[in-house]
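Please look over the sequence and the three-dimensional model shown here before reading on. The paragraphs after it go from the chain as a whole to its strands and then to its charged side chains.

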Amino acid sequence: MLAGRVAIPPDTQPVRINSTLGDDGLETSSDLGSNVVLQPQAQLTWSNVAADDFTDPYGIVVYGQEAKSLVGRVGVRLERTFYFGVTEETVEAAPAPAKKQRRQAKDKKNFVKSATVYADANVKHEFKGKNGPVASETAIGNDMSGTRYDVGLGAVARVSENVSLFGRGSVEFGGSTEVAGKVSGGLKISW
């Protein structure tokens, strides 16, 4: 992993530009202050799925079961992270017979350590996109080529150093899809 940080101080509020090269590609972001980050994104995804040819019980020969995809994505994500403290200060009464109150720091067990909310927008283009098998010399498949657009909102809640809960809702339009809504969520464990 390659990481770098550049600080550019306009006026008094520094803007930090972070770049990381890792398993997911090159990631660059600009810290706008107050835990607000603007993150441009680019991704190229290639996949190839193939299945063996076969003849079904009715004598129909099925072949060419291969799906190839090459999707390019360019987008931007604006996010803000909120951090929750691990201690809180409480006021408790002193044990009897003293009638004075004393201040005491108590550990607070927060289930969520931090929460990040974000909005993102993406442009996706399928460069291959024609997929599907051939059955009895008839092509069965779809054409997923073209350009699609995606806008969404999401949140990530970090519950421990290695565990996060996440959710995202989005709308995709353009390409071979008129309008499609999508909601996803889950649990992420890092080690």
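What follows is a walk through this model, which is predicted.

Taken as a whole, the protein chain contains zero helices and 17 strands, so a reading of its secondary structure is a reading of strands and of how they pair, given that strands here are DSSP runs of at least two residues. Of the 191 residues in the chain, 21% count as buried, and the accessible surface comes to about 13,600 Å², with 58% of that area belonging to carbon and sulfur atoms. Among the contacts with a separation of 6 or more, 50% are accounted for by residues that lie 24 or more positions apart.

The strands can be taken up through their pairing. As a general matter, strands of a sheet pair through backbone hydrogen bonds, either parallel or antiparallel. In this model, one open sheet of four strands runs in the order S5-S6-S12-S13, and its pairing is antiparallel. Strand S5 (54–55) and strand S13 (138–139) stand at the edges of that sheet, and because each has a single partner strand, one side of each is left without a neighbour in the sheet. Between strand S6, which covers residues 61–63, and strand S12, which covers residues 134–135, the antiparallel pairing extends over two bridges, and Tyr63 stands opposite Val134 in S12.

Strand S10 offers another place from which to follow the pairing. Strand S7 (residues 66–83) pairs with strand S10 (residues 114–126) in the antiparallel sense over 13 bridges, and in this pairing Thr81 stands opposite Thr116 in S10. S10 also pairs with strand S15 (residues 146–158), again in the antiparallel sense and over 13 bridges, with Tyr118 standing opposite Gly154 in S15.

The charged side chains come next, and a search of the whole structure finds six salt bridges. One of them brings together the side chains of Arg77 and Glu79, at 2.9 Å from N to O. How accessible are the two partners, Arg77 and Glu79? Arg77 has a relative accessible area of 18% and is therefore buried, the cut-off being under 20%, while Glu79, at 15% relative accessibility, also counts as buried.

A further salt bridge joins Lys124 to Asp150, with the closest N and O atoms 3.7 Å apart. Since Lys124 lies in strand S10 and Asp150 in strand S15, this pair ties together parts that are 26 residues apart in sequence, and it does so between two strands that are themselves paired in the antiparallel sense. Lys124 is buried, with a relative accessible area of 17%, and Asp150, at 3% relative accessibility, counts as buried too.

Which other residue forms a salt bridge with Asp150? The partner is Arg168, and here the closest N and O atoms are 2.6 Å apart. This pair links distant parts of the chain, with Asp150 in strand S15 and Arg168 in strand S16 (residues 163–174), 18 residues apart; both Asp150 and Arg168 are buried. Through salt bridges that share partners, Asp120, Lys124, Arg148, Asp150, Arg168 and Glu172 are joined into one network. Asp150 illustrates such sharing, as this residue forms a salt bridge with Lys124 and another with Arg168.

Conventions: Residues are numbered from 1 along each chain as its sequence is written. This is a predicted model: local features need pLDDT of at least 70, side-chain atom pairs count only at pLDDT 80 or more; totals for chains, interfaces and linings use all residues. Side-chain values use heavy atoms; hydrogens and water are left out. Buried means under 20% relative accessible area, exposed over 50%, partly exposed in between (1.4 Å probe, protein chains only). Contact means heavy atoms within 4.5 Å. Accessible areas come from the Shrake-Rupley method with a 1.4 Å probe; for residues, only the protein chains shown count as cover. Two strands pair if DSSP finds at least two bridges between them. A salt bridge is a side-chain nitrogen of Lys or Arg within 4 Å of a carboxyl oxygen of Asp or Glu.
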